[in-house]
Amino acid sequence: MNELSKIKESVKRLKSNFSLSPEIGMVLGSGLSETFSSLVDDVEEISWSDVPSFPEPTVEGHEGKFISGRLNEKPVLIQQGRLHWYEGLSWDEVIYPIRVQKELGIEEIIMTNAAGGINESFSPGDLCLITDHINFSGDNPLRGPNNEAFGPRFPDLSHAYGGDLRENALIAAEELGVELKQGVYAMTSGPSYETPAEITALRTLGADLVGMSTVPETITANHSGMDVLAISCITNKAAGMQDQLSHEEVIQVTKKSNQKLGDLIARIVSKF
Ligand code: HPA
């Protein structure tokens, strides 16, 4: 079966499972999804393993579910968990959920992730709006024959993280009294964390934060004409700026920031 047929098959299952037609999509990364669903009304959910053709995640903290419901009255689709290149998946698998969201009719997508702070002024627990990215993964998810049904061969990334959505996010944060930093996100392939020398190099290149996701999904979303808003939870100072890094710390800090991030997203969605 070709990629588009697989996506249509997944979407058919999701449509038959959910009573709402979502307008806004969300991708919630490591440990960021737990408290979020309590903010959503009329919840219906489906595990990825029950969706035909859907790849399975392998990382702890990535549950692999779609939740449909209303957030501040707006119909939303929440993707709990995401797929990473470091899991050994193909790019088509990594970006599959974004293609599915697009095929479902979603035009605006909010992504969250955990990231290391490269900017000296960032501390664990901070939230940061991504303004742009540096793709340091060494590859591009759109490499290979282009399917015009998805988007153009050479998509423009001049405004990859839509300006209007960012403006709304900044206003929402101010209204809530939540500090929202802004910065350029660098993606590394993982799964190892970066070396201190790589962090120095990334800082020199203009990166403020670093992580192992979001860039392929953002490229894919832009390819298919979706608007992207991305917010990182800074879980640690990047390599070389603190003694050592651990996945446990990343999960702990994201859990602590869940409430703040959930409230912020709910407020942002009310402005759509
Ligand atoms: N590097 C890469 N990915 C991450 C980090 C980091 O320091 N923290 C959370 N995800």
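This is a short group-meeting talk on one predicted protein model and the ligand that sits in it.

Okay, hi everyone. Please keep in mind that what you're looking at is a predicted model. I'll begin with the whole chain, then go to a set of strands, then the ligand, and finish with a few odd residues.

So, the whole chain. How many helices and strands does the chain have? Six helices and nine strands. If you follow the C-alpha trace along its principal axes, the chain spans about 50 × 40 × 35 Å. Now, is that what you'd expect from a compact globule? For 272 residues, such a globule would have a radius of gyration near 19 Å, and the chain comes in at 17 Å, so the two agree. And of those 272 residues, 53% count as buried.

Let's zoom in on strand 3, residues 65-71. Is strand 3 mostly covered or mostly open? Mostly covered: five of its seven residues are buried. Strand 3 also has a partner on each of two pairings. One is strand 2, residues 41-47, which runs antiparallel to strand 3 and is joined to it by five bridges. The other is strand 4, residues 74-80, also antiparallel to strand 3, with seven bridges between them.

If you want one residue to hold on to here, take R70. On the strand 2 side, R70 is the bridge partner of D41. On the strand 4 side, R70 has P75 as its bridge partner. So you can step from D41 to R70 and from R70 to P75 with your finger on the screen.

Strand 3 and strand 4 make a hairpin, with two residues between the strands. One residue to look at in that loop is N72. Here's some background: most residues other than glycine have a negative phi. N72 isn't a glycine, yet its phi is positive, about 50 degrees. Is N72 buried, then? No, N72 is partly exposed, because its relative accessible area is 39%, and the partly exposed range runs between 20% and 50%.

Right, on to the ligand. Which residues surround the ligand? Going along the chain, we have A114, A115 and G116, then Y193 and E194, then V210, G211 and M212, then T235 and N236, and finally L245 and V250. By class, that shell has seven nonpolar, four polar and one charged residues.

Where do these residues come from? Strand 5 (108-117), strand 8 (209-211) and strand 9 (227-237) each supply at least two of them. Strand 5 gives the largest share, three residues.

Now for the close-up, and here I'd look at the nitrogen atoms of the ligand. A polar side-chain atom of N236 lies 2.7 Å from a ligand nitrogen. The backbone joins in too: a polar backbone atom of G116 is 3.3 Å from a nitrogen of the ligand, and for A114 a backbone N or O atom lies 3.4 Å from one. How much of the ligand does the protein cover? On its own the ligand has 260 Å² of accessible area, and the protein covers 95% of that.

Last part: a few residues worth clicking on. First up, T214, in the loop between strand 8 and helix 5 (215-223). Like N72, T214 isn't a glycine, and its phi is positive, about 70 degrees. T214 counts as buried, because its relative accessibility is 0%.

Then there's a peptide bond to check. Most peptide bonds are trans. The one joining G190 and P191 is cis, with omega at about 0 degrees. You'll find P191 in the loop between strand 7 (180-187) and helix 4 (196-205).

Next, S137, in the loop between strand 6 and helix 3 (163-176). S137 has 10% relative accessibility, so it counts as buried, since the cut-off is under 20%. What does its side chain touch? The side chain of S137 makes a polar contact with the side chain of N135 at 2.7 Å, and it also reaches the backbone oxygen of D139 at 3.1 Å.

And finally C128, which lies in strand 6, residues 127-135. C128 counts as buried because its relative accessibility is 0%. Try finding V269 from there: C128 and V269 are 141 residues apart along the chain, and their C-alpha atoms are separated by 17 Å.

That's my tour, thanks for listening!

Notes. Residues numbered from 1 in each chain as written. Predicted model: local features only at pLDDT ≥ 70, side-chain atom pairs only at ≥ 80, totals over all residues. Heavy atoms only, no water. Buried < 20%, exposed > 50% of the residue type's maximum accessible area, 1.4 Å probe, protein only. Helix = DSSP H or I, 4+ residues; strand = E, 2+ residues; numbered from the N terminus. Pairing = 2+ DSSP bridges. Near = heavy atom within 4 Å. Polar contact = N/O pair within 3.5 Å; in protein donor to acceptor, adjacent residues only side chain to side chain. Areas by Shrake-Rupley, 256 points an atom, 1.4 Å probe, with all protein chains shown as cover. Nonpolar A, V, L, I, M, F, W, Y, C, P; charged D, E, K, R; others polar. Rg over C-alpha atoms; globule rule 2.2 N^0.38 Å.
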